[in-house]
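Let's take a walk through this protein model together. Have the sequence and the 3D view open as you read, and look up each part as it comes along.

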Amino acid sequence: MKFNPAELARGAIHQESLDLGFARVPLIVVRGEQPGRTLVVTANVHGDEYEGVRAIFETVDALSPESMSGDLIAVPVVNPPAFWNTTRNSPLDGKNLARIFPGDSEGTPSEQLAFQLAHQVIARADFYLDLHSGGVKWRMPSMAGYDASDPRSKAAALAFGAEVVWGHPEVAPGRTVSFAKSCAIPFLYTEARGAGRIAPDDLQMMKRGIRNLLRHLGILASPLEKVPIKLHLFGEGNIERGINAPYDGFFIPFVDVLDRVEKGQPLGHLTDLYGRTLSSFESPCAGIVGLRREVPAVEQGEPLFLIAGELQ
Ligand SMILES: [Zn+2]
């Protein structure tokens, strides 16, 4: 199961795979006619996030390797077991693939998958992009997230072509992007509306973003497609540090993603199955709603909101 893109012919598109026994992960390698840098793009780390899958398919279809200097390695469906199960986590071990990097070659199926993806694919990148969205259960702004401690990551976020960018002063462990950071590889990730659908403007944002990164890295020669940044968020992007459900219940939100909220403003409440309020939620600070639960049935501990700050 050795993946060696350097052995593949230049000026062509190759369909490869990582075979793990329990899953075959598709790899698309676009080898530019001329040597150059390598952009690695992944999607569907969470099995219920579909925007990035289609963005990769349509971007690769439109590329001409003869006019490229450098390579694109794209993994449209990182997590086939979760993809075919239409769930965020893998049905093989229940694990969230975005919490267990750099994985373990002898571990559970998700841990093996993380290990092979990290070492055989992500480690080859000069720049790494991971395409996420809100999945089925959440809604996120359509945005590019960057590592605020790495000027290369911030410069790429400004070139990406998303109207909303979100800088993170710290990167939580266990992610694809925290593995990239541990290898000194600069990265971006995206979010998008999710809800198990592909909104046309989210698809456009991701396709434009991949093309703009290829230009930013000198792999494509065409000029950037520029989009003015409307909102620059800053702060903690780890949804496990947002407002979480204290009980199982039925969730009723009062605010939407990207709404501006004041400290103490009511955000929503959680009821029991008689409609009686179990818990009410207020904003812990002034800021902007950066994540909202969409599916009303929630389990204790699941994130309901994340409030982000704005870069002044
Ligand atoms: Zn995700």
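## Salt bridges between the domains

Let's start where the two halves meet: two salt bridges are counted between domain 1 and domain 2. Bear in mind that this is a predicted model. One salt bridge to look for pairs the side chains of lysine 137 and glutamate 302, with 3.1 Å from N to O.

Polar contacts turn up here too. Across the interface of domain 1 and domain 2, six residue pairs are in polar contact, with both residues at pLDDT 80 or more. On the domain 1 side, β6 (138–139), β8 (164–168) and β10 (231–234) each bring at least two residues to the surface that touches domain 2. Which of these strands gives the most? That's β10, with four residues. Sort the residues on this side of domain 1 by type and you get nine nonpolar, one polar and two charged.

## The two domains

Now zoom out a bit. Domain 1 covers residues 5–234, and domain 2 covers residues 242–310. Going by C-alpha atoms, their centres are 29 Å apart.

How many residues are in contact across the boundary? Twelve from domain 1 are in contact with 17 from domain 2. Together the two domains bury about 1,300 Å² between them, and 65% of that is on carbon and sulfur atoms. Within domain 1, the residues that lose the most area to domain 2 are Lys137, Trp138 and Arg139, which together make up 46% of what that side buries. Lys137 may ring a bell: its side chain is the one that meets glutamate 302 in a salt bridge.

## A four-stranded sheet

Next, find an open sheet of four strands. Their order is β15-β14-β12-β17, and the pairing is antiparallel. Why does one side of β15 (277–282) lack a neighbour in the sheet? Both β15 and β17 (297–298) stand at the edges with a single partner strand each, so one side of each has no neighbour there.

Look between those edges and you'll find β12 (residues 249–253) and β14 (residues 266–271), an antiparallel pair joined by four bridges. To see one residue match across this pair, pick phenylalanine 250: its bridge partner in β14 is threonine 271.

## Some backbone oddities

A bit of background helps here. Most peptide bonds are trans, and most residues other than glycine have a negative phi. With that in mind, go to phenylalanine 101 and proline 102, which are joined by a cis peptide bond with omega at about 10°. Proline 102 sits in the loop between α2 (80–85) and α3 (109–121).

Two alanines are worth a stop as well. Alanine 184 isn't a glycine, yet has a positive phi of about 65°. You'll find alanine 184 in the loop between α5 (176–182) and β9 (187–191). Alanine 195 also has a positive phi, near 65°. Where is alanine 195? Look in the loop between β9 and α6 (200–216).

Methods: Residues are numbered from 1 along each chain as its sequence is written. This is a predicted model: local features need pLDDT of at least 70, side-chain atom pairs count only at pLDDT 80 or more; totals for chains, interfaces and linings use all residues. Side-chain values use heavy atoms; hydrogens and water are left out. Domain bounds come from an automatic or database domain assignment. Contact means heavy atoms within 4.5 Å. Buried area is the accessible area (1.4 Å probe) that two parts lose on being put together, summed over both. A salt bridge is a side-chain nitrogen of Lys or Arg within 4 Å of a carboxyl oxygen of Asp or Glu. A polar contact is a pair of N or O atoms within 3.5 Å; within protein, one must be able to donate a hydrogen and the other to accept it, and residues adjacent in sequence count only if both atoms are side-chain atoms. Ala, Val, Leu, Ile, Met, Phe, Trp, Tyr, Cys and Pro count as nonpolar, Asp, Glu, Lys and Arg as charged, and the others, Gly among them, as polar. Two strands pair if DSSP finds at least two bridges between them.
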